[in-house]
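This report looks at how the helices of one protein chain pack, and at a few residues worth checking by eye. Keep the viewer open while reading.

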Amino acid sequence: MTPKHSWFLNMLKAFLIGGIICTIGQGFNNLYKHWGATEDLAASYTTLSLVFLAVLLTGLNIYPKLAKFGGAGTVVPITGFANSVAAPAVEFKKEGHVFGIGCKIFTIAGPVILYGIFSSWILGIIYYILMEFGVV
């Protein structure tokens with residue numbers, strides 16, 4: 001028998017955890033701007049900081065606990081993608097650096113990276129053709 005879940009409680013937890021992650025990101029952004037970074041540079045540093053923090057928390061086995069509690073609230077921000085890249089590496093580290101970490105790190109992120117690059121390449125060609133015909 002499948003246990004009953006409260007959709008409202010799950011939604012509230014996801015909102016809470018996702019909101020905390022976004023608040024931390026905004027705090028990083030404000031801090032970097034306070035230190036003199038431009039808007040674009042602060043956004044880049046914020047992204048890097050959140051990815052680093054997510055990978056660190058994944059390695060310390062804290063992020064999976066947040067994900068179990070917050071559900072989709074941990075998946076949607078960029079930290080969810082960082083976790084999905086780091087988690088297989090942590091899980092398969094006992095198999096060694098090459099076959100464990102090196103091969104398994106892209107089990108989830110590999111298709112995302114592959115299709116992201118491929119679709120940007122296709123869209124770039126379409127944009128180039130549209131520019132040549134004066135449409136864009």
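## A glycine and an asparagine on helix α1

The model is predicted. Start with Asn10, a residue of helix α1. Asn10 is partly exposed, because its relative accessible area is 37% and partly exposed covers values between 20% and 50%. Its C-alpha atom lies 8.8 Å from that of Ala72. Along the sequence, Asn10 and Ala72 are 62 residues apart.

Gly27 also belongs to helix α1. Its relative accessible area is 37%, and Gly27 therefore counts as partly exposed. Thr46 is 19 residues away from Gly27 in sequence. The C-alpha atoms of Gly27 and Thr46 are 8.7 Å apart.

## The chain as a whole

The protein chain has seven helices and zero strands. From the N terminus, the order of elements reads α-α-α-α-α-α-α. The chain holds 136 residues, and 22% of them count as buried.

The accessible surface is about 9900 Å². Carbon and sulfur atoms supply 74% of that surface. Now take the contacts in the chain with a separation of 6 or more. Of these, 51% join residues 24 or more positions apart.

## Helix α1 against helix α2

Helix α1 covers residues 7-34, and helix α2 covers residues 39-59. Their axes come within 8 Å. They cross at roughly 135°. Why are α1 and α2 called oblique to each other? Angles from 115 to 145 degrees fall outside the parallel, antiparallel and perpendicular ranges, so α1 and α2 are oblique. The crossing of α1 and α2 is right-handed.

On the α1 side, the contact is made by Ile21, Ile24, Gly25, Phe28, Asn29, Tyr32 and Lys33. On the α2 side, Glu39, Ala42, Ala43, Tyr45, Thr46, Ser49, Leu50 and Leu53 take part. By class, this contact has nine nonpolar, four polar and two charged residues.

Ser49 deserves a look of its own. Ser49 sits in helix α2. Is Ser49 buried or exposed? Its relative accessible area is 13%, so Ser49 is buried, the limit being under 20%. Setting aside neighbours within four places in sequence, Ser49 contacts Phe28 and Tyr32.

## Helix α1 against helix α3

The axes of α1 and α3 come within 8 Å. Their crossing angle is roughly 140°. α1 and α3 are therefore oblique to each other. From α1, the contact involves Lys13, Ala14, Leu16, Ile17 and Ile21. From α3, Tyr63, Leu66, Phe69 and Gly70 join in. By class, the contact of α1 with α3 has seven nonpolar, one polar and one charged residues.

Gly70 lies in helix α3, which runs over residues 63-70. What does Gly70 touch, not counting residues up to four places away in sequence? Gly70 touches Lys13, Ala14 and Ile17. With a relative accessible area of 1%, Gly70 is buried. Phe15 is 55 residues from Gly70 along the chain. The C-alpha atoms of Gly70 and Phe15 are separated by 7.8 Å.

## The loop between α2 and α3

Which residue other than glycine has a positive phi near 65°? That residue is Asn61. Asn61 is placed in the loop between α2 and α3. Its relative accessibility is 44%, so Asn61 counts as partly exposed.

## Helix α2 against helix α5

Helix α5 covers residues 78-91. α2 and α5 pack at an angle of about 40°. Their axes are 8 Å apart. α2 passes α5 in a right-handed crossing.

The α2 residues in this contact are Thr47, Leu50, Val51, Ala54, Val55, Thr58 and Gly59. They meet Ile78, Thr79, Ala82, Asn83, Ala86, Ala87 and Val90 of α5. By class, the contact of α2 with α5 has nine nonpolar, five polar and no charged residues.

Conventions
Residues numbered from 1 in each chain as written. Predicted model: local features only at pLDDT ≥ 70, side-chain atom pairs only at ≥ 80, totals over all residues. Heavy atoms only, no water. Axes fitted to C-alpha atoms, helices over the stretch in contact; angles between N-to-C directions. Helix = DSSP H or I, 4+ residues; strand = E, 2+ residues; numbered from the N terminus. Parallel < 35°, antiparallel > 145°, perpendicular 65-115°, else oblique. Left-handed = near helix turned anticlockwise from the far one by under 90°. Contact = heavy atoms within 4.5 Å. Nonpolar A, V, L, I, M, F, W, Y, C, P; charged D, E, K, R; others polar. Buried < 20%, exposed > 50% of the residue type's maximum accessible area, 1.4 Å probe, protein only. Areas by Shrake-Rupley, 256 points an atom, 1.4 Å probe, with all protein chains shown as cover.
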